[in-house]
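Grab a pencil and open the viewer. Below are some short exercises, each with a worked solution to check yourself against.

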Amino acid sequence: AVASDGSLDEAQVPLGFELEGSAALQTAARTLRLLHLDELRSLQTDVDRLVVRVQEYTADPRTDSSLGKVGH
């Protein structure tokens with residue numbers, strides 16, 4: 001779907017569903033799919049950033065050996 005020059009061949013983008021109709025309708029469906037995928041990628045990036053921020057608070061690598069027990 002991506003040419004060697006980095007451009008996108010829209011006709012090669014799979015719709016993910018069957019669509020009968022004019023070429024304009026198929027182009028519109030592909031365009032909407034690409035916009036949706038772009039929004040999903042942006043959402044995933046935001047979620048990833050949020051996970052990193054939460055882990056900064058919850059993932060504490062320090063160990064307090066006075067709390068540890070070996071055996072019973």
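**Exercise 1.** Leaving aside neighbours within four places in sequence, which residues is L25 in contact with?

*Solution.* Before you start: this is a predicted model, where local features need pLDDT of at least 70 and side-chain atom pairs count only at pLDDT 80 or more, while totals for chains, interfaces and linings use all residues. Residues are numbered from 1 along each chain as its sequence is written, and side-chain values use heavy atoms, with hydrogens and water left out.

Step 1: find L25 in helix 1, which covers residues 23-58. Helices are DSSP runs of H or I with at least four residues, strands are runs of E with at least two, and both are numbered from the N terminus.
Step 2: look for contacts, meaning heavy atoms within 4.5 Å. With the neighbours within four places set aside, L25 is in contact with L19 and E20.
Step 3: check how open the spot is. L25 has a relative accessible area of 40%, so we call it partly exposed. (Buried means under 20%, exposed over 50%, and partly exposed in between, using a 1.4 Å probe and protein chains only.)

**Exercise 2.** Work out whether R30 and R33 are buried or partly exposed, and list what they touch.

*Solution.* Step 1: both sit in helix 1, R30 as well as R33.
Step 2: R30 is buried because its relative accessible area is 15%. R33 comes out at 31%, so it counts as partly exposed.
Step 3: not counting residues up to four places away in sequence, R30 touches E10, A11, V13 and L15. With neighbours within four places left aside, R33 is in contact with P14, L15 and G16.
Step 4: try a distance too. R33 and V13 are 20 residues apart in sequence, and their C-alpha atoms are 8.8 Å apart in space.

**Exercise 3.** How many salt bridges does a search of the whole structure find?

*Solution.* Step 1: recall the idea. Side chains of opposite charge can pair when their charged atoms come close.
Step 2: apply the rule, which asks for a side-chain nitrogen of Lys or Arg within 4 Å of a carboxyl oxygen of Asp or Glu. The search turns up two salt bridges.
Step 3: take D48 and R41, whose side chains meet at 3.8 Å, N to O. D48 is partly exposed at 36%, and R41 is partly exposed at 46%.
Step 4: now R49 and D46, with their closest N and O atoms 3.8 Å apart. These two are three residues apart in helix 1, so about one helical turn separates them. R49 is exposed, at 54%, while D46 is partly exposed, at 42%.

**Exercise 4.** Which residues make a nonpolar surface patch of about 400 Å²?

*Solution.* Step 1: know the rule. Patch residues have over 30% relative accessible area and no salt bridge; like charges are joined within 9 Å, and nonpolar side chains (Val, Leu, Ile, Met, Phe, Trp, Tyr) within 5 Å.
Step 2: name the members, which are L37, L40, L43, V47 and V51.
Step 3: test one of them. V51 is found in helix 1 and is partly exposed, at 40% relative accessibility.

**Exercise 5.** What does the secondary structure of the chain come to?

*Solution.* Step 1: tally up one helix and zero strands.
Step 2: look at burial across the chain, where 6% of the 72 residues are buried.
Step 3: finish with the surface. The chain exposes about 6,600 Å², and carbon and sulfur atoms supply 56% of it. Areas here come from the Shrake-Rupley method with a 1.4 Å probe; for residues, only the protein chains shown count as cover.
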